Amino acid sequence: SMILLILLSGLFPLRVPWAAETDRKLQQAMREGADCTAYGQIYRIEGTEDGCAIYLKNTILVIQSNSYFLENSKISYEDVPEVQVGWSVRAEGYGRLPEKARNPGQFDAADYYGLRHISLLVAGEACRVTERSTAWLPELSRRFRDTFGEALERGLGEKAGTLRAILLGEKGSLDGDVRQMYRQNGISHVLAISGLHISVLGIGLYGLLRKIAGIRVSALAASLFLLLYLWMIGFPVSAQRA
């Protein structure tokens, strides 16, 4: 009965009476985009092709003295701000809501960001820290990801972008022409961290540990490693499913 209740709640979510009115006002305010201020706590920082993106949870959006409470938001910067995961910030810039696809086959930003629970996209112009409270495990995993990515850059040069995309999920580091080539040849799914990556890492580590430890210890260590790996790459949907 509990499983049935969860399924029904997912298919037919109950909304509070004022939620529809709030959504309508927000849609009107952000119809063509608007200058805004977003407050929230950083839960992820990643490099992009044009700079850097920080992700805020429990976002408070302020537009012309009106406040809206959203779930998560993505703030893009050309320069990398000096921030850490866990810090609370005030981000100013030009915001917009993810758009639904208007033509068949067009990229549906609303669905894509909806799966990641991101309600707002902002082209950031300023970033001010309001509280410094570092979340050490996510921050350390981010630093390790950046250090590993930089090591690939030093060792492979221009070819490092493909490996960073395959191993770390950083598609922003992939050259635009290379990304287009993958799409045109219908093999862009190779860049998604999914079953192949997870099985090679998990079973490979398990096989190595089995030579020096028992089944339970090896399985536990490999499982813990995979969880930390997923945390480092930001829990993409394909990797979660795998």
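Let me begin with arginine 164. Arginine 164 is buried, with a relative accessible area of 12%. Keep in mind that this is a predicted model. Where does arginine 164 lie? In helix H5. Now look for aspartate 146. Along the chain, aspartate 146 and arginine 164 are 18 residues apart. In space, their C-alpha atoms are separated by 9.9 Å.

Stay with H5 for a moment. This helix covers residues 160-168. Its partner here is helix H8, residues 215-233. The two axes come within 10 Å of each other. They cross at roughly 125°. That makes H5 oblique to H8. Which residues meet? From H5, we have Ile166, Leu167 and Leu168. From H8, we have Tyr229, Met232 and Ile233. What kinds of residues make up this contact? There are 6 nonpolar ones, no polar ones and no charged ones.

Let's step back to the whole chain. The protein has 242 residues. Its elements are 9 helices and 6 strands. How much of it is buried? The count is 34% of the residues. The accessible surface comes to about 15,600 Å². Carbon and sulfur atoms hold 58% of that surface. Next, contacts along the sequence. Take the contacts with a separation of 6 or more. Residues 24 or more positions apart account for 62% of them.

Now the inside. The largest nonpolar core has 24 residues. Which of them touch the most other members? They are Leu26, Ile54, Leu61, Ile63, Ile75 and Leu120. Several strands feed this core. S1 (34-47), S2 (52-63), S4 (72-77), S5 (88-96) and S6 (118-131) each supply at least two residues. There is also a second, separate core, with 9 residues. Among its members are Ile193, Ile198, Tyr229 and Ile233. You have heard two of those names already: Tyr229 and Ile233 are H8 residues that meet H5.

Pick out isoleucine 75 from the largest core. Leave aside its neighbours within four places in sequence. What is isoleucine 75 in contact with? The list is Ala38, Cys52, Ala53, Ile54, Leu56, Ala91, Val122 and Gly124.

Next, two neighbours in strand S2. Threonine 59 lies in S2. So does asparagine 58. Are they buried or exposed? Threonine 59 counts as buried, at 0% relative accessibility. Asparagine 58 is exposed, with a relative accessible area of 59%. Threonine 59 has plenty to show you. Not counting residues up to four places away, threonine 59 touches Ala38, Tyr39, Tyr68, Phe69, Leu70, Glu71, Asn72 and Ser73. Asparagine 58 has another feature. Its phi is positive, about 50°, although asparagine 58 is not a glycine.

Serine 65 also has a positive phi, near 70°, and serine 65 is not a glycine either. Find serine 65 in the loop between S2 and strand S3 (66-69). Serine 65 is exposed, at 72% relative accessible area.

On to helix H4, residues 136-156. Arginine 142 lies in this helix. Arginine 142 is buried, with a relative accessible area of 14%. What does arginine 142 touch, beyond residues up to four places away in sequence? It touches Ile45, Val83 and Val85.

Val85 comes up again with alanine 135. Alanine 135 is found in the loop between S6 and H4. Past its neighbours within four places, alanine 135 is in contact with Val85 and Gly86. Alanine 135 is partly exposed, at 28% relative accessible area. Compare its C-alpha with that of isoleucine 42. Those two residues are 93 apart along the chain. Their C-alpha atoms are separated by 9.2 Å.

Last stop: glutamate 99. Glutamate 99 sits in the loop between S5 and helix H3 (109-115). Its relative accessible area is 43%, so glutamate 99 is partly exposed. Leaving out residues up to four places away, glutamate 99 touches Asp108, Ala109 and Ala110. How far is glutamate 99 from aspartate 111? In sequence, 12 residues; in space, 8.6 Å from C-alpha to C-alpha.

Conventions. Residues are numbered from 1 along each chain as its sequence is written. This is a predicted model: local features need pLDDT of at least 70, side-chain atom pairs count only at pLDDT 80 or more; totals for chains, interfaces and linings use all residues. Side-chain values use heavy atoms; hydrogens and water are left out. Axes are lines fitted to C-alpha atoms, for helices over the stretch in contact, and angles run from 0 to 180 degrees between N-to-C directions. Helices (H or I, at least four residues) and strands (E, at least two) are DSSP runs, numbered from the N terminus. Angles under 35 degrees count as roughly parallel, over 145 as roughly antiparallel, 65 to 115 as roughly perpendicular and the rest as oblique. Contact means heavy atoms within 4.5 Å. Ala, Val, Leu, Ile, Met, Phe, Trp, Tyr, Cys and Pro count as nonpolar, Asp, Glu, Lys and Arg as charged, and the others, Gly among them, as polar. A nonpolar core is a set of buried Ala, Val, Leu, Ile, Met, Phe, Trp, Tyr and Cys residues joined through side-chain atoms within 4.5 Å. Buried means under 20% relative accessible area, exposed over 50%, partly exposed in between (1.4 Å probe, protein chains only). Accessible areas come from the Shrake-Rupley method with a 1.4 Å probe; for residues, only the protein chains shown count as cover.
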